[in-house]
Structure formats: structure tokens, C-alpha cells
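Morning, everyone. Please pull up the sequence and the model on your screens, and we'll walk through it together.

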Amino acid sequence: YNVVFDLTGNDSTVQASVLRWVNEILKTNPDANLEVVMYGQGINLVVKGHAYKPEVIEKLATKTNVVFAVCEIALKKHNLGKADLLTGIRTVPDGIYEIISKQASGWGYIKVAH
């Protein structure tokens, strides 16, 4: 069970949805591999001072099978660095490439939107 989530929106409804989905999947499939890839405005999910439910995100980020990955291109565009992110958040050089690579490896794909 491998799923990559594509998050580009900054809407709190969208942010709540992805966190709910990750938690629900882990309840039924604790060994599932899940990655939330954020770019565009989606990076605000994990930016200090803007993060939606930071305590939930940081707790999930400690799990070995859950990854929150921020696009480094988006960080640069928003004049942010790794130090601006919550604890446990990873970065990837290119968020879109990360998603495509996961799909090429057989991962399921979910666009987070409402």
C-alpha cells in the first residue's frame, strides 16, 4: 500500500483532508507507505507559523512510513529555507518530479483538492 498525495492548495479544508486521509489510512493499514508532496501554496501546511495543526504533522512525521516532502523550488520561490519548516519535514529538489517518480514506481496518486 503506497500512496503519494499531491498538495498545492493552502485552504484549511484541503489541509484538514490530507491529514485526515493519512490518519485514516494508517488506522486500517499501519504499514502503508504515505508521502505528502507539497509545492505551490501547499507548502504552508508545514511552514512554522502557518502550519495547520503542527503537533499532528510533527507526530506523523516521526513515523518511518510517513513522509512530508516540500519542493525546494517552491521554498526558494517563497523565500523560505529548511529552517522555516516544522520538525521532521523533508525536502525534495522538485515536487512534481517526486510525484512522477513515485507513480513510475507503482505508487497510487491522490490530488488533494475540494
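Where does Asn33 lie? Asn33 sits in strand β2. Keep in mind that this is a predicted model.

Is Asn33 buried, exposed or in between? Its relative accessible area is 30%, so Asn33 counts as partly exposed. Buried would need under 20%, and exposed over 50%.

Now its neighbours. Leaving out residues up to four places away in sequence, Asn33 touches Tyr1, Asn2, Val3, Asn65 and Trp107. Asn2 deserves a second look. The side chains of Asn33 and Asn2 are joined by a polar contact of 2.8 Å. Ala69 is another matter: from Asn33 to Ala69 is 13 Å, C-alpha to C-alpha, with their positions 36 residues apart in sequence.

A quick word on Asn29. Asn29 is in the loop between α1 and β2. Its relative accessibility is 30%, so Asn29 is partly exposed. Its C-alpha is 7.8 Å from that of Tyr1, and the two are 28 residues apart along the chain.

Next, the strand that β2 pairs with. β2 and β3 run parallel, joined by five bridges. One pairing to find on screen: Val37 has Ala69 in β3 as its bridge partner. Between these strands comes a helix: β2, α2 and β3 form a right-handed β-α-β unit.

Then β3 again, on to β4. Strand β4 covers residues 90-92, and β3 pairs with β4 in the parallel sense over three bridges. Here Ala69 has Arg90 of β4 as its bridge partner. With α3, these two strands make a right-handed β-α-β unit as well.

How many residues of β3 are buried? Six of its six. Val66, Phe68 and Val70 point one way. Val67, Ala69 and Cys71 point the other way. Both sets are buried.

That leads to the core. The largest nonpolar core has 36 residues. Phe5, Met38, Val46, Phe68 and Ile89 have the most contacts inside it. Elements giving two or more residues to this core are β1, α1, β2, α2, β3 and α3. Which one gives the largest share? That is α1, with six residues.

Last stop, Val46. Setting aside residues up to four places away in sequence, what does Val46 touch? Its contacts include Met38, Phe68 and Ile89. Val70 is on the list too, along with Ala51, Ile57, Asp84, Leu85 and Leu86.

That's my tour. Over to you for questions.

Notes: Residues are numbered from 1 along each chain as its sequence is written. This is a predicted model: local features need pLDDT of at least 70, side-chain atom pairs count only at pLDDT 80 or more; totals for chains, interfaces and linings use all residues. Side-chain values use heavy atoms; hydrogens and water are left out. A nonpolar core is a set of buried Ala, Val, Leu, Ile, Met, Phe, Trp, Tyr and Cys residues joined through side-chain atoms within 4.5 Å. Buried means under 20% relative accessible area, exposed over 50%, partly exposed in between (1.4 Å probe, protein chains only). Helices (H or I, at least four residues) and strands (E, at least two) are DSSP runs, numbered from the N terminus. Contact means heavy atoms within 4.5 Å. Two strands pair if DSSP finds at least two bridges between them. A crossover is right-handed if, with the strands pointing away from the viewer, the path from the first strand over the helix to the second runs clockwise. A polar contact is a pair of N or O atoms within 3.5 Å; within protein, one must be able to donate a hydrogen and the other to accept it, and residues adjacent in sequence count only if both atoms are side-chain atoms.
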